[in-house]
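Here is a short report on helix packing, nonpolar cores and two aspartates. The sequence and the structure come first.

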Amino acid sequence: MKVLLAGGGTAGHINPAIAIAGYIRSREPGAEILFIGNRDGMEQRLVSAAGYEIKPVVITGFRRSISPKNIVHNVKTVAYSFRSRADAKRIIKEFDPDICIGTGGYVSGPVILAAAELGYPTIIHEQNAYPGVTNKMLSKRVNCVMLANDAARRHFDKAVRIAVTGNPIRPAVIATKHDDARRRLVGDDKRPLILSFGGSLGARCINEAMAELMVRSAHDGRYRHIHAYGEQGTWMPDLMRSKGVDPDATENLDIRQYIDDMPDCLAACDVVVCRAGAITLSELQVKGRPAVLIPSPFVAENHQYHNAMSMVNKKAAMIIEQKDLSGEKLCDTVDQMLSDPDVLAAYRANAQSMAIDNANELIYDIICEVLDR
């Protein structure tokens, strides 16, 4: 099988594509897999780190607010759109895949549209309950739309072929064992390990609140931390130094721009502090990881809040809305979750009970069905 995948912009679009590729390889070790990604997107780093070849195109998204700067940007976006589709067609013809799969993000649009125009079988995957613009645009051109959440069905035309599969989980996330990952990351340290991140770009509010919690941990040694401050959070280490803590010289703090070993980090940690993106929550569930969720209020239909509440209502997570977030509030919430081992165990079991752990298999079955195999 020859498979071409396109998805990018954020880890929420890239990781599902990597998960799909990994499962295909597990079923068909001889499968040839190629990614197409934005030349300047983080997919270049993540896909290469996962061991797959990726070819670049150049694409940007439209800006909706009207200003001279945005008008110039949007004119360039139109030009990039035509060029990226032409580049995608060239790459697709050279690779000659059996099927092309899009997982969202700006790059997915021109690539999957080019594949459909060339007559290749195409499918797309939508991770959220409220579908993105790109996937809604592509839905009438592809052979099948795969959904993580059946609630997204109402946003597509009734003529579109729909399959509910859940969110693909990277095989490494599923396979990595707690004890092994814990040993690799913290040795025999028994203190609670908190994993925190605000998405691939970072989230200022989470970085600021986590700085307060980690400064406290630097002084009292109560917890260990792994924190990723993201592409736009490079100021965070200096913020902590201004509060009297050098993160590079504090043994229980591990502060990074990105987390490239997320399977180990998820398996090893006791609690996660993060946004409420669909893929993140699916990975928390499959690993049975309790979480303090801080949903982004800036997404369409406020879908992260609804994602978060699906876990909160099952007593699998706690929520702090961004408007209520502070360092003090975060410290109190984390302490509350970690103070009672029995409560923490219940959160863990409740999270795992929500997992759809065969999404990869269901997606592979759809691929085979589209290919009539």
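Start with methionine 210. Beyond its neighbours within four places in sequence, this residue is in contact with Ser196, His225, His227, Met236, Val273 and Leu330. The model is a predicted one.

**Nonpolar cores**

Met210 belongs to the largest nonpolar core, which has 31 residues. Met210 is among those with the most contacts inside that core, together with Leu213, Met240, Val273, Val292, Leu330 and Val334. Several elements each supply at least two residues: helices H8 (204-220), H9 (236-242), H13 (327-338) and H14 (341-353), plus strands E10 (253-256) and E11 (271-274). The largest share comes from H8, with eight residues. Another core, of 30 residues, lies apart from this one. Ile33, Leu46, Met146 and Val370 are among its members. In soluble globular proteins, nonpolar side chains tend to be buried together.

**Helix pairs**

Two packed helices are described by the angle between their axes and the distance between the axes. Three pairs are set out below.

| Helix pair | Crossing angle | Axis distance |
|---|---|---|
| H8 and H13 | about 60° | 8 Å |
| H11 and H12 | roughly 15° | within 10 Å |
| H1 and H15 | roughly 75° | within 10 Å |

Take H8 and H13, whose axes are 8 Å apart at an angle of about 60°. That angle makes H8 oblique to H13. Their crossing is right-handed. On the H8 side, the contact is made by Ala209, Met210, Glu212, Leu213 and Arg216. H13 brings Gly327, Leu330, Cys331, Val334 and Asp335. By class, this contact has six nonpolar, one polar and three charged residues. Met210, Leu213, Leu330 and Val334 of this contact also appear among the core residues with the most contacts.

H11 (residues 278-287) and H12 (residues 303-312) cross at roughly 15°. The two helices are therefore roughly parallel to each other. H11 passes H12 in a right-handed crossing. Ala278, Leu281 and Gln285 of H11 make the contact with Asn307, Ala308 and Met311 of H12. Four of these residues are nonpolar, two are polar and none is charged.

How do H1 and H15 lie: roughly parallel or roughly perpendicular to each other? H1 (residues 11-27) and H15 (residues 359-370) cross at roughly 75°, so they are roughly perpendicular. H1 contributes Ala19, Ile20, Tyr23, Ile24 and Arg27 to the meeting. These face Asn360, Glu361, Ile363, Tyr364 and Ile367 in H15. The residues of this contact divide into seven nonpolar, one polar and two charged.

**Two aspartates**

Aspartate 264 is found in helix H10 (residues 262-268). Is aspartate 264 buried or exposed? Its relative accessibility is 15%, so aspartate 264 counts as buried, the limit being under 20%. Not counting residues up to four places away in sequence, aspartate 264 touches Thr176, Ala181, Arg184 and Leu185.

Aspartate 261 sits in the loop between E10 and H10. At 23% relative accessibility, aspartate 261 counts as partly exposed. With residues up to four places away left out, aspartate 261 touches Leu185 and Arg256. Leu185 is thus touched by aspartate 261 and by aspartate 264. Alanine 181 is 80 residues from aspartate 261 along the chain, and their C-alpha atoms are separated by 9.9 Å.

Terms used. Residues are numbered from 1 along each chain as its sequence is written. This is a predicted model: local features need pLDDT of at least 70, side-chain atom pairs count only at pLDDT 80 or more; totals for chains, interfaces and linings use all residues. Side-chain values use heavy atoms; hydrogens and water are left out. Axes are lines fitted to C-alpha atoms, for helices over the stretch in contact, and angles run from 0 to 180 degrees between N-to-C directions. Helices (H or I, at least four residues) and strands (E, at least two) are DSSP runs, numbered from the N terminus. Angles under 35 degrees count as roughly parallel, over 145 as roughly antiparallel, 65 to 115 as roughly perpendicular and the rest as oblique. A crossing is left-handed if the near helix is turned anticlockwise from the far one by less than a right angle, and right-handed if clockwise. Contact means heavy atoms within 4.5 Å. Ala, Val, Leu, Ile, Met, Phe, Trp, Tyr, Cys and Pro count as nonpolar, Asp, Glu, Lys and Arg as charged, and the others, Gly among them, as polar. A nonpolar core is a set of buried Ala, Val, Leu, Ile, Met, Phe, Trp, Tyr and Cys residues joined through side-chain atoms within 4.5 Å. Buried means under 20% relative accessible area, exposed over 50%, partly exposed in between (1.4 Å probe, protein chains only).
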